[in-house]
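This report examines how parts of a protein chain are placed against one another. Please keep the sequence and the structure in view while reading.

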Amino acid sequence: MPESAGYLRIADDVIADVKAGRLKPGDRLPSVTETREDYRVSYGTVQLAYVRLEALRVIRRHQGKGVFVNDPRLWMREP
């Protein structure tokens, strides 16, 4: 898969993990560095995934603390 589409795979995987119960509201996501290594993508690709997830309200970022999963009831629905 080209790296440009990698951000969608990361975002889709986070959503799938929440729906499957592997991630729960309030769980902290792995660091950008860990995610980069796991998916073998660039920093920018991980950031794009996080921007997408944040726009859908799947995650929330806390400066200096990390990225956390939101309650699915707060998520925006994709068009």
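The following paragraphs treat a pair of helices and then three individual residues.

**Helix H2 and its buried face**

The model is a predicted one. Helix H2 spans residues 32-39, and its buried residues are Val32, Thr35 and Tyr39. Viewed down the axis of H2, these buried residues fall within an arc of 65 degrees, so they line one face of the helix. The residue that follows H2 is Arg40, which has a positive phi, near 55 degrees.

**The packing of H2 and H3**

Two packed helices are described by the angle between their axes and the distance between the axes. Helix H3 covers residues 43-55; its axis and that of H2 come within 9 Å and cross at roughly 110 degrees. An angle of 65 to 115 degrees counts as roughly perpendicular, and H2 is therefore roughly perpendicular to H3. On the H2 side, the contact is made by Val32, Thr35 and Arg36, while H3 contributes Tyr43, Val46, Gln47 and Tyr50. Sorted by class, this contact has 4 nonpolar, 2 polar and 1 charged residues.

Val32 and Thr35 thus appear among the buried residues of H2 and also among the residues that touch H3.

**Gln47, Asn70 and Arg57**

Which residues does Gln47 contact, leaving aside its neighbours within four places in sequence? They are Val32 and Arg61. Gln47 itself is found in helix H3.

Asn70 is found in the segment after strand E2 (66-69). Is Asn70 buried or exposed? Its relative accessible area is 12%, and residues under 20% count as buried, so Asn70 is buried. Not counting residues up to four places away in sequence, Asn70 touches Pro25, Arg57, Val58, Ile59, Arg60 and Trp75.

The side chains of Gln47 and Asn70 each make a polar contact with an arginine side chain, as the table shows.

| Side chain | Partner side chain | Distance |
|---|---|---|
| Asn70 | Arg60 | 3.1 Å |
| Gln47 | Arg61 | 3.5 Å |

Arg57, one of the residues touched by Asn70, is found in the loop between H3 and strand E1 (59-62). With a relative accessible area of 44%, Arg57 is partly exposed. Apart from its neighbours within four places in sequence, Arg57 is in contact with Asn70, Leu74, Trp75 and Met76. Trp75 is therefore a contact of Arg57 and is also listed among the residues that Asn70 touches. Finally, Arg57 and Leu23 are 34 residues apart along the chain, and their C-alpha atoms are separated by 15 Å.

Methods: Residues numbered from 1 in each chain as written. Predicted model: local features only at pLDDT ≥ 70, side-chain atom pairs only at ≥ 80, totals over all residues. Heavy atoms only, no water. Buried < 20%, exposed > 50% of the residue type's maximum accessible area, 1.4 Å probe, protein only. Helix = DSSP H or I, 4+ residues; strand = E, 2+ residues; numbered from the N terminus. Arc of directions from axis to C-beta. Axes fitted to C-alpha atoms, helices over the stretch in contact; angles between N-to-C directions. Parallel < 35°, antiparallel > 145°, perpendicular 65-115°, else oblique. Contact = heavy atoms within 4.5 Å. Nonpolar A, V, L, I, M, F, W, Y, C, P; charged D, E, K, R; others polar. Polar contact = N/O pair within 3.5 Å; in protein donor to acceptor, adjacent residues only side chain to side chain.
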